[in-house]
Amino acid sequence: MSTRGERISEQRLQKLNNIRAMGIDPYPPRFKRTHTARQTIDLLGQQEKESKSEQVTVTVAGRVMANRSMGKVSFLDLRDESGKIQLMVGKDRIKEADFNLFKELDIGDFIGATGKVFRTRSKEPTIEVNSLTLLAKSLQALPEKWHGLSDVEIRYRQRYLDLISNEEVRKTFRLRSNIINNVRQFLDGRGFIEVETPILWPDAGGATAKPFITHHNALDRDLYLRIATELHLKRLLIGGFEKVYELGRIFRNEGIDATHNPEFTTLESYEAYADYNEVMKMVEEMVSTLAQQVLGTTAIEFAGTKIELKPPWQRISLREAITQHSGIDFVQYPNAEMLRSKMREKGIEVDPQKNWAHLVDDLLSTFVEPKLLQPVFLVDYPASLSPLAKRKPGEARVVERFEAFAGGMEIANAFTELNDPLEQRERFLQQARERQQHDVEETVDEDFLLALEHGMPPAGGLGVGIDRLVMLFTNNQSIREVILFPQLKEKGE
RNA sequence: GGGCCGUUAGCUCAUCUGGCAGAGCACCUGACUUUUAAUCAGGUGGUGGCAGGUUCGAGUCCUGCACGGCCUACCA
């Protein structure tokens, strides 16, 4: 790593000193603007529409993005969050002190400017600056103005540069905020309440991912970062809340790739007296409503494919979908041994360690998932794949569960929740036995079972991967494009 | 974990088979009072990711490492 002295250019430091020598604070604490760039342009348009001749004075603030100097007059592009406005600085139209300051400015500096709004010969809305204030001196050069910043590593490690340089990226994260906002509105409008449950907890349950582990010093006890919010939200159903949801970060100590970040955002919702059919309706309605409100259409494009999100979405059983796309009806091969040899017969490489449920999951992710571009619900999963879901009446090996897919990605997972505490214990134990074969530590969450023993109403539960939803809506194929600061390895010396 | 590709100025990129490391933007100096990728003239800026090796000579060839991307595997 270079030292501060090496990293900062001598030229910029010299300018900073020059500015200080003029008695100017290069980092003043506050500044009042009267208009944003957008408002200034709108104001000018309004003036012209009403044929008003007198010029209006505005004060704006923002970052200098370009400086076109013509000698006695210069044109600056000033950018704020609303957009860009041109400033004109004329040597004869500004105080000498301000002009001296102007000469020490660089692209990247934040400035405030006051002046009359007019249009140049080439019709560009412009502020004729009569007063200039430095708001923050920049000591580092910005990325190139024409090609911008494209080095993916710098884009992620120094996201602020990415945001400065790439309008599309700014759009993506505004849209992300908008999506989350609309999710809240949608659920609040249906009478759900938003809750917050612990991130740190002695058990990591509700899914089977590897957890992060940390330590509480005062309690002298290890705690896990949650891998799901499910078990706490169910405790709230037991407590008498009938519609709850949580939007929040969960953490899984696993691989990082284009669709996995160690921390990611999920929505989980639980609705008493609803079943998975009703949750399905809610999901298709929620996603299409979101698209309509955030994008203005339910017809989106993802990875070069047009996707129509308008309900109703297709519903097809997992068994049917896998049979259709892989030619293997897993019901005909009811144990790992049989399914494995059938898969081998089809020329599929099979990990001999995997149990039956894993093999079914393999068939799903290999043959089916990539084909599910249009939104679809796969319904009725094998019980062994879903320890928290209620069995379907009359079909002992199947649970009332669905996963929603779009753009070839899983975007939601839901079931009619298992509320029989004795069966839940059995299913946990069954799962623990299977895990132990694979050397995975697993404990039964006794605290949750105790809660369940007090009675949980029948309910429909839902989990939505918010990051993937944002990927879908913003046509991004990497999760890192929708997470502001994605996890990266530490950069070496 | 495996495979392929990448890493050269602050940024975007060149640098044919090994032979003095370049351009554009940014920055500096000068000219220019309506430019907008301003223009024109001149200039500063490099441990070529890191560490070794081969060679008279390495950005270029070889080995190892780091980081990143894609693919693949793993991870419900």
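Here is a short walk through chain A, from the whole chain down to a single serine.

Before you click, note that this is a predicted model, where local features need pLDDT of at least 70, side-chain atom pairs count only at pLDDT 80 or more, and totals for chains, interfaces and linings use all residues. Residues are numbered from 1 along each chain as its sequence is written, chains are lettered from A and ligands numbered from 1 in the order in which they are written, and side-chain values use heavy atoms, with hydrogens and water left out.

**Select chain A.** Show the cartoon and you'll find 15 helices and 19 strands (DSSP runs numbered from the N terminus: helices are H or I with at least four residues, strands are E with at least two). Turn the C-alpha trace along its principal axes: the spans are about 90 × 55 × 50 Å.

**Colour by burial.** Of the 493 residues in chain A, 48% count as buried (under 20% relative accessible area, with a 1.4 Å probe and protein chains only).

**Turn on contacts.** Take pairs at least 6 apart in sequence in chain A: 65% of those contacts join residues at least 24 apart (a contact means heavy atoms within 4.5 Å).

**Now select Ser269.** You've landed in strand β11, which covers residues 263-272. Is Ser269 buried or exposed? Ser269 is buried, at a relative accessible area of 2%.

**Select what surrounds Ser269.** Leaving out residues up to four places away in sequence, Ser269 touches Phe192, Val244, Tyr245, Met282, Gly460, Gly461 and Leu462. Show those side chains together with Ser269, and that's the last stop.

Note on methods: Buried < 20%, exposed > 50% of the residue type's maximum accessible area, 1.4 Å probe, protein only.
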